[in-house]
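Let's take a look around this protein together. Have the sequence and the 3D view ready.

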Amino acid sequence: MIASAAPNSLPNSNSNSPPAINPIAHVALVDALVEHGWYVGKNVIDLDLCQALHRELHHMAEHDVLAEAGIGRGKEHLLRKDIRGDAIHWLDRESEAQRRYLDAMAELQQSLNQALFLGLFEYEAHFAHYPPGAFYQRHVDSFRGRANRVISTVGYLNPQWPLDGGGEMVIYHPDAPSQEVARVVPEAGTFACFLSETIPHEVVPTQHPRASIAGWFRRNASLGGVLDPAH
């Protein structure tokens, strides 16, 4: 998949509060990306942070401020409920919880660049709210003709997810797209990441409102002096 350098020291955490992302997960995450191209870890995101983010997303959903998610980019952007049914809001650091999450992703970006020499340039992320019955068909995350998304991340915010809740993210083998290799229950604290260009995945229909943060570490895909926008 990808090559790694010698292990680096773990990022520092604020002694006054638990780290937003368990720093021990950085090492396991890097190893899994090198070996498999994907990583899933439970109890990675601080649960108090999950609760704050979940509360924020729930408030947005209740007040109808989320935008319907589409597929494609720019002129190719389309709303296709038959392909995906979530609603989104891009993280913009407008709350302390968002800032804390994005700062943790900045630390992870540094770890990934140091260990894997990926040249990651920035991180973009949005809340994703799936109402009951919503799903997202199997796909890969890189954009056609502009492979600037390198590593995808998903942080789950749902407290006490029921066994019959559905809404799992299914990860497929990169060389055998019909072969399931992991099924991720969307419960609070779980964090997943994978190579954006090569790992097919889908969200199966959910039976309950499903809350997550989808994000992407990107390379700088600017061309001809024109800055490639974040989203």
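## The whole protein

Of the protein's 231 residues, 49% count as buried, where buried means under 20% relative accessible area, exposed means over 50%, and partly exposed is in between (1.4 Å probe, protein chains only). Keep in mind that this is a predicted model, where local features need pLDDT of at least 70 and side-chain atom pairs count only at pLDDT 80 or more, while totals for chains, interfaces and linings use all residues. Residues are numbered from 1 along each chain as its sequence is written, and side-chain values use heavy atoms, with hydrogens and water left out.

The secondary structure adds up to three helices and eleven strands. Here helices (H or I, at least four residues) and strands (E, at least two) are DSSP runs, numbered from the N terminus. Starting at that end, the order is α-β-α-β-β-α-β-β-β-β-β-β-β-β.

## Zooming in on helix 1

Which residues of helix 1 are buried? They are Ala25, His26, Leu29, Val30, Ala32 and Leu33. Because they cover an arc of only 165° around the axis (taken from the directions from the helix axis to the C-beta atoms), they sit on the same side of helix 1. Over on the other side, Ile24 and Glu35 are exposed.

## Neighbours and what follows

So what do those buried residues pack against? Their partners are strand 1 (38-41), helix 3 (96-116), strand 6 (149-156) and strand 9 (191-195), with contact meaning heavy atoms within 4.5 Å. After helix 1 comes Gly37, which has a positive phi, near 90°.
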